[in-house]
2 protein chains.
Amino acid sequence: MGEFELLAKVREMLPPPGPRVRLGSGDDAAIAVPGGATATSVDAIVDGVHFRREQMGLAEIGRKALATALSDLAAMGAEPGEAYVVLGVPADLDEDGCLELLGGLAAVARETGTALAGGDVTRAPALSLAVTVVGHAPSPERLVTRAGARPGDVLVLTGELGGAAVGLEPQPRLAAGRALAEAGATAMIDLSDGLGGDARHLAEASGVGLRIDAGALPIAAGVAEVAAATGRDPLELAAGGGEDYELLATLPPERLAQATEAVSGARDLRLTAIGEAVAGEGVEIRLPGGGMLEPTGFDQLA
Amino acid sequence: MGEFELLAKVREMLPPPGPRVRLGSGDDAAIAVPGGATATSVDAIVDGVHFRREQMGLAEIGRKALATALSDLAAMGAEPGEAYVVLGVPADLDEDGCLELLGGLAAVARETGTALAGGDVTRAPALSLAVTVVGHAPSPERLVTRAGARPGDVLVLTGELGGAAVGLEPQPRLAAGRALAEAGATAMIDLSDGLGGDARHLAEASGVGLRIDAGALPIAAGVAEVAAATGRDPLELAAGGGEDYELLATLPPERLAQATEAVSGARDLRLTAIGEAVAGEGVEIRLPGGGMLEPTGFDQLA
C-alpha cells in the first residue's frame, strides 16, 4: 500500500475537514484559507528516544504524537486547524500496524477538530513521527507567547501536576488555552519539561522572576503512592516530572476570577493560582515549611 | 548544544524573515500572518532510503531536503513562505556536522526567500530531515492543482530532463511555477518520480489522457554520454529518471506564448511544449519513429 492509500484510509476515520481546508492530501500541497494569523509548531517523536515501542501500544504512540504537538497550540491560545504528519516506518511495522498507529492519531484529530491535511510516509530504521500543526487566531495579537509576563501578574496552572508520572494520557488543553487567551493571559507555556524547567523558560522569555508556592500546587491523585513506592518526594515528582502538558500562564490579578470561570466552563478543568511574577529573574519554588525546591527540567536534545 | 542554540545559529545565516513572520522559532509556536491562501507540503528524507550519507556531502543533503520540499510549492504556483524543519541526528553526527547540514538548507532558504520559522532537533538512529513548507497566494483560486487539465490543453515542461541522472543539483522552479500559474496553467506537477509517472498522476487527477511527443523532449547535456556508458537508452534515462524537479503543466494553447515568455523571463529557463491533453485516459509517449515508450515511474513507499 502506497502512502496515498494509507493516508486516504486514515482520512476515512475523520469527519470531512472544515471550510478552511480547500484541498487535502493527494496533490503537491494542501490548500487552506487561514484567518488573520497562524500559529505553527512541529514536534517529532522517535522510538528509543521519546518512547519505547515495547512499552506503549501503537494507537497510544499515535495519540501521543498529535497530542504533544497540539499542546503547543494550546499554549498559544490558538484554535487547532490542520496537521501534517510524517510517518517513518521500520521494516517490522506492517500495514495494519501503521493503521493502528494512525488510528490513534486520528482519534485525537477527531476529538480536537483537527484536519489531517497532508503527510509523507517513508521507510525508516526506527518508528518515528514528525507532526506539524497549524492553529488559527483572528489576529497575531490574540495569540499568547511566553514573553509577556509582567511583575505583579498572578501565575496560574490548569489541571494537576504529576499525571504523566502516574500514567495518565496527556490531553492538549486547547479549550483552556483559548479561554486563558481570551481572559487576558500575558504569557503562556505548556508543561513538557516539568514545572521547574518550563517556568524558567517563561521567566527568561518575559524578563521576570517567578515565585511559586509549593503548598498551592495541585497534585494528581496517585502521585503520593507512586512517590512512596519509589522513595521520592511527591512534590518533586509532581514539579519535576515532564510531559504533563498542563498550561502555565500569567494574568493580571484582576483577571483571575474571569479566567478561572472560563477555564472550568471550557472543559470542567481546575485553574489554580500557584504564585506570581516579580521583578528580577529566576524561578523559586517555596516550600510550605520555608525551604526551597530546586527547579528542575531539561532543555537539551531529547 | 540544545536545539534552540542550533536553530538560532542557523537563523544567523539567514536574513531576517519578511513581515509575514511575526514570531519565529523559540516560543511554543511560530506566528505568521498569511495572505489569502496557503499551500502546505511536507517531505521527509532518510539516510539509506532517499540518500546515502557516504555518497553525499552534508550541505548537499540539507540543500536537497529543502529544495525537494519547495518544489511542491513551485508546482502549486505558490510564493515560498516559511519552512519548519525536523532534524533527526544519529550518534555519529556532531554539532559541526549538524551546522554544515543546516547550512546547506539555509543556503536554499536564502536563495528562495524562505524563512526558517521553526524546528525540532531530536536524536535518531539515522540521519533524517522532515521539512514542512508553507507557500502563499492571494486566493485559493490562484494556486494550481493537478486536477484542472482539459482536453486540448498543451502540455509543457520547464528546463530539461535527465539533469538528476547526470548529477545536477535540483532547483525548485519557484519563479517558473508562479509564472505558469499567472499565465493560466490549468494543472501542474513537479517531476519527482520521473516524467512517465508524474504525467500519469496529472492525467489521473484531471481525468484526461496525455500524449507526449518523445521527439520534443528537451534532454540535458551529458545524458547521451551517461546513457552510452551505462548501455541505456538516453530517452528512457531522461523520461524515466526521477528527481529532476522540473515542472510539467497544461495550458490552453492560446496561453503558450505568454507562458513561454513569462518562464524564460522569470529565470532564464526554457519552456517546451511536449504534447497535449486529450479526452480519455492514460499517458502515451510517442517515439519519433512511430513506436511507444513505456511510461515508467513509481509511487510506492520510498
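This report walks through two sheets, the contact between chains A and B, and a few salt bridges in a predicted model.

**A sheet built from both chains**

Start with the sheet that crosses from one chain to the other. It is an open sheet of six strands with mixed pairing, and the order reads S5(A)-S4(A)-S6(A)-S3(A)-S2(B)-S1(B). At its edges you'll find strand S5 (115-123) of chain A and strand S1 (21-23) of chain B, each paired on one side only. On average, neighbouring strands here are turned by 20° against each other, ignoring direction.

Where do the two chains meet in this sheet? Strand S3 (residues 37-46) of chain A pairs with strand S2 (residues 30-32) of chain B, antiparallel, over three bridges. If you want a spot to look at, A:Ala39 sits opposite B:Ile31 in S2(B).

Two helices of chain A pack on this sheet. Helix H1 (residues 3-12) touches strand S4 (79-89) and S5 of chain A, while helix H2 (residues 58-74) touches S3, S4 and strand S6 (128-137) of chain A.

**The second sheet, within chain A**

Chain A also has an open sheet of seven strands, again with mixed pairing, in the order S8-S10-S7-S11-S9-S12-S13. S8 and strand S13 (292-293) of chain A each have a single partner strand, so one side of each is left without a neighbour in the sheet. Further in, strand S9 (residues 209-213) and strand S11 (residues 271-278) of chain A run antiparallel and are joined by four bridges. In that pairing, A:Leu210 stands opposite A:Ala277 in S11(A).

Helices show up here too. Helix H4 (residues 174-182) of chain A packs on the sheet, with contacts to strand S7 (154-158), S8, strand S10 (247-251) and S11 of chain A. Helix H5 (residues 195-206) of chain A lies across S8, S9, S10, S11 and strand S12 (283-286) of chain A.

Here are the helix directions set against one strand each:

| Helix | Strand | Angle between directions |
|---|---|---|
| H1 (residues 3-12) of chain A | S5(A) | about 145° |
| H2 (residues 58-74) of chain A | S6(A) | about 35° |
| H4 (residues 174-182) of chain A | S10(A) | about 10° |
| H5 (residues 195-206) of chain A | S8(A) | about 150° |

**Where chain A touches chain B**

How much area do the two chains bury between them? The figure is about 4400 Å², with 59% of it on carbon and sulfur atoms. In residue terms, 55 residues of chain A are in contact with 55 residues of chain B.

The polar side of the story includes 15 residue pairs in polar contact between the chains, counting pairs with both residues at pLDDT 80 or more. On the side of chain A that touches chain B, S3(A) gives the most, with nine residues. Sorted by class, that side of chain A has 31 nonpolar, 13 polar and eleven charged residues.

**Salt bridges**

Side chains of opposite charge can pair when their charged atoms come close. Across the interface of chain A and chain B there are four salt bridges. B:Arg146 forms a salt bridge with A:Asp27, and the closest N and O atoms are 3.8 Å apart.

Over all chains, the structure holds 23 salt bridges. One to look up within chain A joins A:Lys64 and A:Glu243, whose closest N and O atoms are 3.0 Å apart. This pair links distant parts of the chain, 179 residues apart: A:Lys64 is in helix H2 of chain A, and A:Glu243 is in the loop between helix H7 (234-240) and S10 of chain A.

Key: Residues are numbered from 1 along each chain as its sequence is written. Chains are lettered from A and ligands numbered from 1 in the order in which they are written. This is a predicted model: local features need pLDDT of at least 70, side-chain atom pairs count only at pLDDT 80 or more; totals for chains, interfaces and linings use all residues. Side-chain values use heavy atoms; hydrogens and water are left out. Two strands pair if DSSP finds at least two bridges between them. Axes are lines fitted to C-alpha atoms, for helices over the stretch in contact, and angles run from 0 to 180 degrees between N-to-C directions. Contact means heavy atoms within 4.5 Å. Buried area is the accessible area (1.4 Å probe) that two parts lose on being put together, summed over both. A salt bridge is a side-chain nitrogen of Lys or Arg within 4 Å of a carboxyl oxygen of Asp or Glu. A polar contact is a pair of N or O atoms within 3.5 Å; within protein, one must be able to donate a hydrogen and the other to accept it, and residues adjacent in sequence count only if both atoms are side-chain atoms. Ala, Val, Leu, Ile, Met, Phe, Trp, Tyr, Cys and Pro count as nonpolar, Asp, Glu, Lys and Arg as charged, and the others, Gly among them, as polar.
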